[in-house]
Amino acid sequence: MKRNLLVTVLILALIAVFASFSFAEVKNPDIIISVIKEGVETMDPHWANDNPSMFEVISNCYDNLLNYKRGSTSEFVPMLATEVPSVKNGLLSEDGLTYTFPIRKGVKFHNGDILTPEDIAYSIKRALVFDRAGGLSYLFFEPLLNCIGIEEIACKVAGVEKYSDMFEANDPRGELKSEYKEAMSKVITDYVDKVVSIDGNKVIFHLAHSYGAFLSIIPHYCPWSSIIDKKWAIEQGAWDGKADTWWKYHDPVKEKDPLYQIVNGTGPFMLKKWVPGETVMLERFDDHWRGPAKIKNVQTKFITEWTTRKLMLQTGDADIVSVPIQYLDEVKEMEGVRIIENLPSLANILFMWTWTINAKGNSYIGSGKLDGEGIPLDFFSDIHVRRGFCYLFPYDVYISKVLKGKAMRSPSPLEYPLLGFSDDPELYYEFSLEKAKEEFEQAWGGQLWEKGCKFNINYPEGWVEHKAACDMISTYAKMINPKFEITPVGLQWSASLDAAWTEKCPIFIYKITPDYPDPHNNIQYLMGSKGGLSGFCFGEAYIKFAEKNVDPLIRKALKETDPEKRAALYKELTQIAHDQAISLYLYQPIAHFVERNWVKGWYYNPLRSSDYQDFYSLSKGE
Amino acid sequence: MNRTIRKLFSNASSLVGIVLLIIFIIIAVFAPIIAPPLSDDPYQVPRMSWNVNPQAPGFIMSDNIREVYDYMGKNVKQDRAICGTTEGGYDIFYGLIWGTRTAFKIGLITVIISAFIGVFIGSISAYFGGWIDEIIMRITDIFLSFPFLVAAMVLTTILGRGLDKVMISLITFGWMGYARLIRGSILAAKEETYVMAAKALGVKDIKIIGKHLLPNTIFPVMVQVTMNIGSMVITAATLSFLGVGAPVGYADWGQMVSFARNWIIGSPGHAGQYWYVVFYPGIFIVLFVLSWNLIGDTLRDILDPRLRGEL
Amino acid sequence: MLSYIIRRLLLLPIILLGVTFLIFCVFSLLSPMQRLATYVHDPGSLKSAQSIERLIDKYHLDDPFPFGYINWFKRILHFDLGWSQAANQPVWEAICQRFPATLELVLYSIIPVVLVGIWLGVISAVHHNDMLDQTIRVAAVIGWSLPTFIFGLFVLFIFYGILGWLPPCRLSPWAQDLVYTSNNFRSYTHLVTIDALLNGNIPIFWDALRHLIAPIITLSYVEWAGLLRITRSSMLETLRKDYVRTARAKGVDEHTVIHLHAERNALIPVITIAGMLIIWMLGGVVITETIFTYPGVGFWMASAAQQLDYGSVISFALLFATLMVMGNLVVDVSYALIDPRVRLE
């Protein structure tokens, strides 16, 4: 009796719940909902280097001195500065060492404070002081102070070997030993304070050397040069701008970073709420200096499941959704959805080989000798080996079948449309099993061909297309010579850090994106002897090679200010990359963008990729 | 024993289970004939196409892949993907057949080893009692207090992908149930007169445990073993689904379904067009686990002393 | 009784110590470079030279074996659970934000599990070995043989993809806006459905419920089979008892015999198990939350495990272990309280 009653009540309740679905769903007319794959990590512009933080939140809430002309990656327009410095208008000195920015008046921060040149000077200096390990402040150090980071300066001034030597118990987050206090203060007074000066309404940058790429690290989409409110930042507990305690604010752990979850910028949106792991909600800043945005609310949700994102797009619960290439076809037939294709993205996928492999605990090289059961440690230092692999990869089949044609070949570390990019056919390796055979037969004086080789090729787990590329190399190598046994092995991210960055991977497939759209960034990273990748993963033999043949050119191209001359120099570097087969440059993805067709005003800028939006330009309507 | 087997065959549901199991055993044994391997490692599922999209059942191997196999002198007898391909072009049919062997491997090895460990630990603990019992039971409690799936995920992420690593994680966190079970039974049984008599006669402890106690108390463990084979396979499939577990391209049902989660909805207007990616591996998993569960369920009823005489 | 409870409670710290130490040992299998992966999600972070060295120093990734554990232990004594890289917030905050969501899901799931399991278990026992019994048992075994993730995906497909009734996540955007940012909405318990009722906001109540139904179905369908079996065997045993036979002999109608006499007594062991069910479900909630992108502890744990986020995993293990020990204790004690024949040793 009682049970039947309970069951009836339950059934009635369920009916009521379902009945409630029939009244009109709220269509979210004044919210734009964007769904991305990964969550935002921080709100601090000087900490961020993950794409969601940088482009979904910081770029929408903070402004920079300059902006890019709509959709361009090389033309600048004024933003918080009122003019773009050039030699012509006198704001850039002839020797390339001084950049002057006149500052716009009457710009408000979210909390009502007015923007002054003080804020700009403070923002840059804080970036230098903060300099977190693994962050992007190093981009300022190279032009402004010609070094890697503030710790390098501190060590030089104090005369110690390691930065932590100056602290009690070697803990940089602890107490500073009193004998170093004076030296540490000098770091600010003699170095950091000298890079930026204020003259009335103008902010002046003093570079340490001529740097053709300087303007590329200042504008919008470079979060590290976002302008924050000095007064507010100090109130929240950030660096007070003084020289006598700066080390306490240097490289904190995330939980001690006072700005990690709060926002106060001059950008068109304010932070409403951040629920880590779920969503970020932004709302319109009505006093924005460009005029208020068209849309009142923005909500970004973080959903890793493709199926869920797709269903949200289908039902209209999401306005913009991140769609991986292999599923684009599924979205094409959806009603009410607009797809924009053929957007060149600034990513570069390549196979890198280690010229001098680290043998310690290395299971990927077999016997470690050229005896058919493994490879010797300097296997890839022979140019014929490298060239052989470059000829044996079926580029066209890969791009058309695995990538569904959504990619273009890149001949070098430079992507289209960066300065210096060239599609000269001379620079591309063609797929030719004959030529590959020729090269391999010459490798190691013919021994390789006779004895064969056996090793592993590595790819990061979860990337189906990269596994396919590895399978292709393995398959075609075997086709050429059955004694070539190359087995693909997938690595979890933690394992790949351990293997690739300690020079253990014979071949590793890798995707890179530049931090800013100047060729120097990529070339240095992928070819320089001290490059982030080439200097750390390619091995001793490569470093020696690069020091002699690559570095001088890189320096020359960097100092050059004439764009045409620079382009020619970068083309020369590309030629070297090709001739020496420094890496196997695979492809540059062509991206796409997917939105519901009631969203208006979208435009593409490769810097923020199609996954992250400039919400100021968007609106929603029928 | 004979009575048990007779009862298993006479009960309808367990009969179905036994028949299913026999079918699976046949598939596993004859795998090399049903689905001839095309590479040195038979557990490496052959690709039918370089295309990322799953291909429908009946798809014929694409030309550039066939060229490669011809060149390498491999005789391609099976060039049709009867059940279609998964994301990345792996032949589903091949994966199903060899996956049967993988399922048996995972199920039997993990369960037998963890049962062995569990029974060993549990019987020592129960027989000797006192301090030993306390300490061993505390250690068992510690392992039991782990959230199983999370612990298995962590261990497999650390150890890396691979079937053996999955089995290690499952064994590490799977022995406790057996330990507790056998301990309960032995604690009750060791007060029996025949045990006391054996002790009085001076029979060695090991012999008492091995010859007298265990044979009389092992039945609940056997039931548990049958039930757990199925759940181990499901857990392994879950780990593959979550991205840790068998490597991509390995013949493992769970691995094949892990591709499926992104294709299950299909395109609008063609809802469920990639049904075969989920359906075939899914049905194999369900039937395999079902067969063990049906047998185990009936076995439990047969051996339940409270129901003796009823069944 | 009291001494038994105290003795069991004294075990708790030992178990917690054991669990955390074991996890720490497992994580020590990683090299410092591998541990770096928790802090560095994409190689772009390593663009400047020296980044790796600085990062390893900063996070003490190459501390010798016991120091890492000792340091962690010291912080725990100050109630500092550390930072969750996977959640991008302090661990304690992450737990407080996510645990109520999971609790809400699990508590609601108990209802169908218990109701359906018990109801079918009783029917099955009463019609012992009938067609009905066999059918129910087979249905139970089939349900139990379906992996959760496949079932969950189908539920998502049918109820969201095709019908559009039951969306993923916890709340719709407009509701999320209200709950998280509005001053008019007070979160008393952080269980959204309860809070909505307490605030008198019915649309939010329905919205939250809508988002809960699919995960509830997925989470509960595995468990009701287990409960069914226990109910069935307990009921079967009770039905054979003398007092039932006597009642039947007295001429009491079958309905009263079953529901008034047998069921009450048969349900005693079942109810105690139901308490443990909540705790078991907390462990099994990972898959369900992943499929429905439901922001609870399971979802958080899935990403923490994949990222090898040591701090999060250990803290969750602490939480879970505590709940297990307490749960077991409550079940044993209540069993003893209800059935006077049970003696606690």
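Trainee: Which residues touch the most other members of the largest nonpolar core?
Mentor: This is a predicted model, and its largest nonpolar core holds 376 residues. The biggest share of this core, 17 residues, is supplied by H10(C). The residues that touch the most other members are A:Ile473, B:Val150, B:Val233, C:Val313 and C:Ala317.

Trainee: Which residues does B:Val233 touch, not counting residues up to four places away in sequence?
Mentor: B:Val233 is among the residues of the core that touch the most other members. With residues up to four places away left out, its contacts are B:Ala103, B:Ile106, B:Gly107, B:Ile285, B:Phe288 and B:Val289.

Trainee: Against which helices do the buried residues of H8(B) pack?
Mentor: Helix H8 of chain B spans residues 163-172, and seven of its ten residues are buried. These are B:Leu163, B:Lys165, B:Val166, B:Met167, B:Ser169, B:Leu170 and B:Ile171. The helices they pack against, in chain B, are H5 (92-128), H7 (148-159) and H12 (219-241).

Trainee: How many residues does each side give to the contact between chain C and chain A?
Mentor: On the side of chain C, the elements that each supply at least two residues are H2 (32-36), H3 (51-58), E2 (89-90), H7 (148-162), H8 (173-181) and H10 (202-239). By type, that side divides into 26 nonpolar, 15 polar and seven charged residues. The contact as a whole takes 50 residues from chain A and 48 residues from chain C.

Trainee: What share of chain C is buried?
Mentor: Chain C has 14 helices and two strands, and its C-alpha atoms fill a box of roughly 90 × 55 × 40 Å along the principal axes. Among its contacts between residues at least 6 apart in sequence, 72% join residues at least 24 apart. Of the 345 residues in chain C, the buried share is 46%.

Trainee: Which element gives the most to the side of domain 1 of chain A that touches domain 2 of chain A?
Mentor: In the domain assignment of chain A, domain 1 is made of 20-37 + 268-340 + 590-620, domain 2 covers 51-256 and domain 3 covers 348-589. Between domains 1 and 2 of chain A, 19 residues of the former are in contact with 18 of the latter. Two elements give two or more residues to the domain 1 side, strand E7 (269-275) and strand E8 (279-284) of chain A. The one that gives the most, with three residues, is E7(A).

Trainee: How do the residues on that side of domain 1 of chain A divide into nonpolar, polar and charged, and what distance separates the centres of domain 1 and domain 2?
Mentor: The residues on the domain 1 side of chain A comprise 15 nonpolar, two polar and two charged. Taken over C-alpha atoms, the centres of domain 1 and domain 2 of chain A are separated by 32 Å.

Trainee: Which are the edge strands of the sheet E4-E6-E5 in chain A?
Mentor: This open sheet has three strands with antiparallel pairing, in the order E4-E6-E5. The twist from one strand to the next averages 25°. Each edge strand pairs on one side only, and these strands of chain A are E4 (98-102) and E5 (196-199).

Trainee: At what angle does helix H3 of chain A run to E5(A)?
Mentor: E5(A) is joined to the antiparallel strand E6 (residues 202-206) of chain A by four bridges. Here A:Ile198 stands opposite A:Val203 in E6(A). Helix H3 (residues 117-130) of chain A lies across both E5 and E6 of chain A, and its angle to E5(A) is about 175°.

Key: Residues are numbered from 1 along each chain as its sequence is written. Chains are lettered from A and ligands numbered from 1 in the order in which they are written. This is a predicted model: local features need pLDDT of at least 70, side-chain atom pairs count only at pLDDT 80 or more; totals for chains, interfaces and linings use all residues. Domain bounds come from an automatic or database domain assignment. Two residues are in contact if their C-beta atoms, placed from the backbone, lie within 7 Å. Ala, Val, Leu, Ile, Met, Phe, Trp, Tyr, Cys and Pro count as nonpolar, Asp, Glu, Lys and Arg as charged, and the others, Gly among them, as polar. A residue is buried if 20 or more other C-beta atoms lie within 10 Å of its own, exposed if 12 or fewer, and partly exposed in between; C-beta atoms are placed from the backbone. Two strands pair if DSSP finds at least two bridges between them. Axes are lines fitted to C-alpha atoms, for helices over the stretch in contact, and angles run from 0 to 180 degrees between N-to-C directions. A nonpolar core is a set of buried Ala, Val, Leu, Ile, Met, Phe, Trp, Tyr and Cys residues joined through C-beta atoms within 7 Å.
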